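Q: Please take a close look at one part of this structure, the hairpins and the residues around them. Then follow the connections from there into the rest of the chain.

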Amino acid sequence: QVQLVESGGGLVQAGGSLRLSCAASGSIFSINVMAWYRQAPGKQRELVASIRSGGSTNYADSVKGRFTISRDNAKNTVFLQMNSLKPEDTAVYYCNALITSTSLLPYNTWGRGTQVTVSS
């Protein structure tokens, strides 16, 4: 009933920037937390950043000062601006959202992921 679609990944040189977008669609009543996770080869998925509907944010220590999460509540969209990228930021980035459907059912929803590759 609800889905997330990411866009904006790609290949960039170290020091460069990328902007990820994730749009939620479907039978949405409300969205509480929206977040970005990432998973590098051979590693566990980790939280990169999250943002609540009221705007409060949380970041992994490894990205503080370099990444900025934001959202457009009217468009059910979350963004991740990534600056000063490092090779260790290379991973598949996943969008996640806690969505309440119009049937008032909760959905912990994941996107399919978008690849970010940072070359040295």
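A: β5 and β6 form a hairpin, and five residues lie between the two strands. In that turn, Gly55 has a positive phi of about 110°. This is a predicted model, and each statement here describes that prediction. β5 covers residues 46-51, and β6 covers residues 57-59. The two strands pair in the antiparallel sense over three bridges. One position to look up in this pairing is Ser50, which stands opposite Asn58 in β6.

β5 also pairs with β4. β4 runs over residues 28-39, and five bridges join β4 to β5 in an antiparallel arrangement. β4 and β5 form a hairpin too, with six residues between the strands. Gly42 in this hairpin takes a positive phi near 80°. On the strands themselves, Arg38 has Glu46 in β5 as its bridge partner.

Arg38 and Glu46 are linked in a second way. Their side chains meet in a salt bridge, at 2.7 Å from N to O. What is the exposure of each partner, buried or partly exposed? Arg38 has 6% relative accessibility and therefore counts as buried, since the cut-off for buried is under 20%. Glu46 has 35% relative accessibility, so it counts as partly exposed.

Arg38 has another salt-bridge partner, Asp89, with the closest N and O atoms 2.9 Å apart. This pair links distant parts of the chain: Arg38 is in strand β4, while Asp89 is in the loop between β8 and β9, 51 residues apart. Arg38 and Asp89 are both buried.

The structure holds four salt bridges. One of them is between the side chains of Asp61 and Lys64, at 3.1 Å from N to O. Asp61 has a relative accessible area of 65%, so it is exposed. Lys64 has 48% relative accessibility and therefore counts as partly exposed. Elsewhere, salt bridges that share partners join Arg38, Glu46, Arg66 and Asp89 into one network.

The loop that holds Asp89 leads on to β9, which covers residues 91-101. Ser101 lies in this strand. Its relative accessible area is 0%, so Ser101 is buried. Leaving aside residues up to four places away in sequence, Ser101 touches Gln1, Ser27, Ile28, Phe29 and Tyr107.

On the other side of that loop is β8, which belongs to an open sheet. Which strands make up this sheet, and in what order? Four strands are arranged as β1-β3-β8-β7, with antiparallel pairing. β1 (2-7) and β7 (67-72) stand at the edges with a single partner strand each, so one side of each has no neighbour in the sheet. From one strand to the next, the twist averages 15°.

The sheet can be read across, one pair at a time. β1 and β3, the latter made of residues 18-26, pair in the antiparallel sense over six bridges. Within this pair, Val5 stands opposite Ala23 in β3. β3 and β8 are also antiparallel, again with six bridges. Here Cys22 has Val78 in β8 as its bridge partner. β7 is joined to β8 (residues 77-82) by six bridges, and these strands run antiparallel. Ile69 stands opposite Leu80 in β8.

Rings and charges add some further details. The structure holds one aromatic pair. In addition, the charged end of Arg19 sits over the ring of Phe79, 4.3 Å from its centre. Residue 19 falls within β3, and residue 79 falls within β8. The charged end of Arg45 sits over the ring of Trp110, 4.7 Å from the ring centre.

Terms used: Residues are numbered from 1 along each chain as its sequence is written. This is a predicted model: local features need pLDDT of at least 70, side-chain atom pairs count only at pLDDT 80 or more; totals for chains, interfaces and linings use all residues. Side-chain values use heavy atoms; hydrogens and water are left out. Two strands pair if DSSP finds at least two bridges between them. Axes are lines fitted to C-alpha atoms, for helices over the stretch in contact, and angles run from 0 to 180 degrees between N-to-C directions. Rings of Phe, Tyr and Trp (its six-membered ring) pair if their centres lie within 6.5 Å; planes under 30 degrees apart count as stacked, over 60 as edge-to-face and the rest as tilted. A charge sits over a ring if NZ of Lys or CZ of Arg is within 6 Å of the ring centre and within 35 degrees of the ring normal. Buried means under 20% relative accessible area, exposed over 50%, partly exposed in between (1.4 Å probe, protein chains only). Contact means heavy atoms within 4.5 Å.
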